[in-house]
Every structure is written in structure tokens, then in C-alpha cells.
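Subject: Structure handover

Hi,

Here is the structure I promised to pass on. Please open it alongside this note.

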Amino acid sequence: MNKTKEIYITGFALFSMFFGAGNLILPPFLGKNAGNLWSLVTLGFFITAVFVPLLGILAHAKLQGTLYDFGKKVSPTFSIIYCFIIYVICVALPAPRTASVTHEMAIALYFNNISSLFTSSIYFGFVLLFALNRSKILNIIGKFLTPLIICMLLSIIFIGIFTAPETINQSTIKTPFVSGLLEGYQTFDAIASVVVGGVLVISMNFNKKATFEYKKELITKAGLIAGLGLLIIYAGLIYNGVLFSTTFNDDANRTEILTSLSNQTLGNIGSVFLSVLVALACFTTAVGIITGTADYFKGINNNSQKAFTITAIIGCILGVLMGQFNVSYIINIALPALMFIYPITIVLIILNVISDKYTASLVFKTVVLATFIFSIPDFLEFIIDDQYLIGIKNIIPLANHHLGWVLPASLCFILTNLIKTKKSA
């Protein structure tokens, strides 16, 4: 295959792996609240939802390994625990969210007498069926789904730009840049980058003729294509959320805003079509998460098919239990887990991108440890309400913006490298 053609095909495939339909509901909601300060919100969202995930793909281009390789410089035990936590979070949060989005966008709007528990039960029943049978139908659907959704989203964006009301709301966000950063956590894109990047590397390893440098170039350029696609879609939807901000109800949730936006730009028929496409895309995402998680536990259990089946069943049961809740509830309940795992994932991505000259095992250990310790207040804040915790956060720089780990992790990186350099001199 021609190299240029292979790069574009891989780039679009990578984009489709990132492109969880649940993420579509986040940008318009962010735009609605951002109002006139939308550019700062978009910048923050871009960093955690596009730039960091892109770095994750670049790290995979350098490592050309699996998720396990991201944390092995800290220690093998840490890496195993990290992998376990990542997969559990994927099964317990983004996978059920796809069922919730499907119910709110494609079922409840047209069949309001059907309960969310019924929807999630049927939904994950089919997910289990497809996961256990690894049906090729999903691959066929996926090839057509992503282009169709992209075309419809681009239609919403461009029609919206030229037909929007002349006035927009003022921002209701106190710290727009930070709000954009934290909402970017909810896309799970950084976590997706360390997971799907490994899948991409494994797939490319089947080509025995591909050299290390060839695969590095291919993954890097494909990552840039996927990142550009995400940036265009996310920025466009945020901007449309701003332009139509005066048309949404003040208490409108994320799915209601996206549905309203599609109605105002595509009309009722277009909105129904988008709902169906989003539901199908959600389904393929859920099957991918359940299958990928089951594959991991199968691999650490000597390729046991029994382990695969048990994991898939447990994942679908969790999906039913969590998927019955509304999207806003799942997003809120995800916050503690994201405040815990996202900072660690970000520093692992950055450390794996940086030259090996500056990322010895000791650097990994100190930076990850500092990130973990200084992320604890952010994690606990969403679980307990304690005045002592507030006092601690007031002492730590940036902690009141849920970024208390940034400065300690940066200082540990610099100081550890200075000490290492001084010892070797």
C-alpha cells in the first residue's frame, strides 16, 4: 500500500477510535456556559482533550509497546496496578455512559414510557453478544458510521455559523481556562490514547516488513491527522454552543443542548438521523471497551477464554447498573476517578514523549509519586466535605483549581534531573 494512503487510512481509523459519541455532548454544553469567553475555554479543552491525547499517540510511536510499557519505568507492579485501574474505569464509566447517551438521545425523546434500566439492559445484552462473537458487522458499521457522523456534525457547525442568533450570552464560568481543562477530562481522550495507541501498535506488528522507523513515522503522522480532526469538531461544537446560547434553557443538560442544536440546524429529520447514528456509534464504542478490557484480562491469565468471557459478563453487568443513570449523574460520579487517574496519565504520557536522557527510572518514580500525593486533595474533595482539606488546598499552589499536582511534579522533574546530572559530572 502507498505510504501516504496508509497514513491517511490509519489517521482516520485512529480518529474513529477516539471519537466516542458520548464526547459530542460535552463541547456544546461548554460553549453555552462559556459565552463571550469561549476562546479561553476552548484553549483549556484543547489541551486535555486533544493535545495530551496526541502526545499519548506520539509516546506510543516512540515506545511501540502496550499500555503496560507506559508505567514500567516506575515499577512493574505499579504498571500492572495502573493498567488494572484504567480498564476498570473504562468499563465502569465511559462504557455505561454510551448507554445513557443512547437512551437520552435516541430512546427517551421518542419513547418516553421506556425506562433507562430497560434500555441499558437490552443495550448491554447486545454488547455482550457482539463482544463474545467478535462480529465483523461492527467493523463494517464503523467504516460508514464515522464519516456519516462527521458530515452531519460539520453540517451543524457550518449551518450554525451562518444561521445563529445575533446575540450570545455572557459567560457564567469564573475560571474559563481551568473549566475547559477539567471538562476535557470527561472526554477520557488521554486515557483512550494510551489504550488505543497500544492496539494500533499491536495491529501494525503483524506487518513483519515494517521497520521501527516506518511505524514511528506512520503512527506520528496518523496521530496528527486524528488530532486535527478532533480539534475541528470540538472547536466547532463549542463555538456553536456559544452562538446558540440564548436559545437553550438555562437548566438544559448536555444531551438536550446537542439535540436542540441539531434540531435548529438540521431540522427534525436530520436530528432523528443524528440520534440514530450517535446511538450506533455509542454501541460500537461500548463493544470496543468491553472487548479490549476482556482481552487484557485474558492476556494476563494465560490467554484463558474463560477469563475473557467472565470479564465481558462482569463489564456488561456494570454497564447495566451504571447505564440506567442519566448522563449528568455519570459525569459527576466520574469526577473523583478522573481527578485521581488523569494527572497520573498526563505525566506518564509526557515523560514517555520526552527524551530518555531526561527520563530515567528515578525521574519517573519521583514525578509520578509527587503527582499522586498532590492529587489526593482533588480526589478527596469530591468524596468528603472537610474544613481541614480546604486548609490544605489553600496552601498548595493551584490546588483550588484542581491543579495542585502540576507545580510539584514539574519541580520533581527538574530537581531529579539536576541531581542526576550533578552525580554523573
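Below is what I found, helix by helix and then residue by residue. Keep in mind that this is a predicted model.

**Helix α9**

Start with α9, residues 176-185. Of its 10 residues, 8 are buried, so the rest of the structure largely encloses this helix. The buried set opens with Pro 176, Val 178 and Gly 180. It continues with Leu 181, Leu 182, Glu 183, Gly 184 and Tyr 185. Note that Glu 183 is among those buried residues. What provides the cover? The elements over the buried residues include α2 (26-34), α3 (38-63), α12 (254-299) and α14 (327-353). Three of these names, α3, α12 and α14, come back below.

**α3 against α11**

α3 packs on helix α11, residues 212-243. The angle is about 165° and the axes lie 9 Å apart. That angle makes the two helices roughly antiparallel. The crossing of α3 past α11 is right-handed. Sorted by class, this contact holds 19 nonpolar, 4 polar and 2 charged residues.

**α12 and its partners α5 and α6**

Look next at α12 with α5, which covers residues 76-92. These two pack at about 150°, axes 9 Å apart. They are therefore roughly antiparallel to each other. α5 passes α12 in a left-handed crossing. On the α5 side, the contact is made by Ile 80, Cys 83, Phe 84, Tyr 87, Cys 90 and Val 91. On the α12 side, the partners are Ile 289, Ile 290, Gly 292, Thr 293, Tyr 296 and Phe 297. How many charged residues does the contact of α5 with α12 have? None: the count is 10 nonpolar, 2 polar and no charged residues.

α6 also meets α12. Their axes come within 8 Å and cross at roughly 150°. This crossing, too, is left-handed. α6 contributes Pro 94, Ala 95, Thr 98, Val 101, Thr 102, Glu 104, Met 105 and Ala 106. The α12 residues they meet include Thr 255, Leu 258, Thr 259, Ser 275 and Val 278. Further along α12, they also include Ala 279, Cys 282, Thr 285, Ala 286 and Ile 289. By class, the contact has 11 nonpolar, 6 polar and 1 charged residues. Ile 289 is worth selecting in your viewer: α5 meets this residue, and α6 meets it as well.

**Thr 98**

Thr 98 sits in helix α6, which spans residues 94-107. Is Thr 98 buried or exposed? Its relative accessibility is 5%, so Thr 98 counts as buried. Its side chain makes a polar contact with the side chain of Tyr 123, at 2.9 Å. Leaving out residues up to four places away in sequence, Thr 98 touches Tyr 123, Cys 282, Thr 285 and Ala 286. Cys 282, Thr 285 and Ala 286 are in α12.

**Gly 20**

Gly 20 lies in the loop between α1 (3-18) and α2. It counts as buried because its relative accessibility is 10%, and buried means under 20%. Which residue should you pair with it? Try Ala 281: 261 residues away in sequence, but 7.0 Å away in space, C-alpha to C-alpha.

**Ile 346**

Ile 346 belongs to helix α14. This residue is buried, with a relative accessible area of 6%. Ile 191 is 155 residues away along the chain, and the two C-alpha atoms are separated by 8.7 Å. Not counting residues up to four places away in sequence, Ile 346 touches Val 52, Tyr 185 and Trp 405. Tyr 185 is one of the buried residues of α9.

**Two backbone points to check by eye**

Most residues other than glycine have a negative phi. Two loop residues here do not follow that pattern.

- Asn 302 has a positive phi of about 55° and is not a glycine. The residue sits in the loop between α12 and α13 (305-323). Asn 302 is exposed, at 74% relative accessible area.
- Leu 398 has a positive phi of about 70°, again without being a glycine. Its loop runs between α16 (387-395) and α17 (406-424). Leu 398 is partly exposed, with a relative accessible area of 44%.

Over to you.

Best wishes

Terms used. Residues are numbered from 1 along each chain as its sequence is written. This is a predicted model: local features need pLDDT of at least 70, side-chain atom pairs count only at pLDDT 80 or more; totals for chains, interfaces and linings use all residues. Side-chain values use heavy atoms; hydrogens and water are left out. Buried means under 20% relative accessible area, exposed over 50%, partly exposed in between (1.4 Å probe, protein chains only). Helices (H or I, at least four residues) and strands (E, at least two) are DSSP runs, numbered from the N terminus. Contact means heavy atoms within 4.5 Å. Axes are lines fitted to C-alpha atoms, for helices over the stretch in contact, and angles run from 0 to 180 degrees between N-to-C directions. Angles under 35 degrees count as roughly parallel, over 145 as roughly antiparallel, 65 to 115 as roughly perpendicular and the rest as oblique. A crossing is left-handed if the near helix is turned anticlockwise from the far one by less than a right angle, and right-handed if clockwise. Ala, Val, Leu, Ile, Met, Phe, Trp, Tyr, Cys and Pro count as nonpolar, Asp, Glu, Lys and Arg as charged, and the others, Gly among them, as polar. A polar contact is a pair of N or O atoms within 3.5 Å; within protein, one must be able to donate a hydrogen and the other to accept it, and residues adjacent in sequence count only if both atoms are side-chain atoms.
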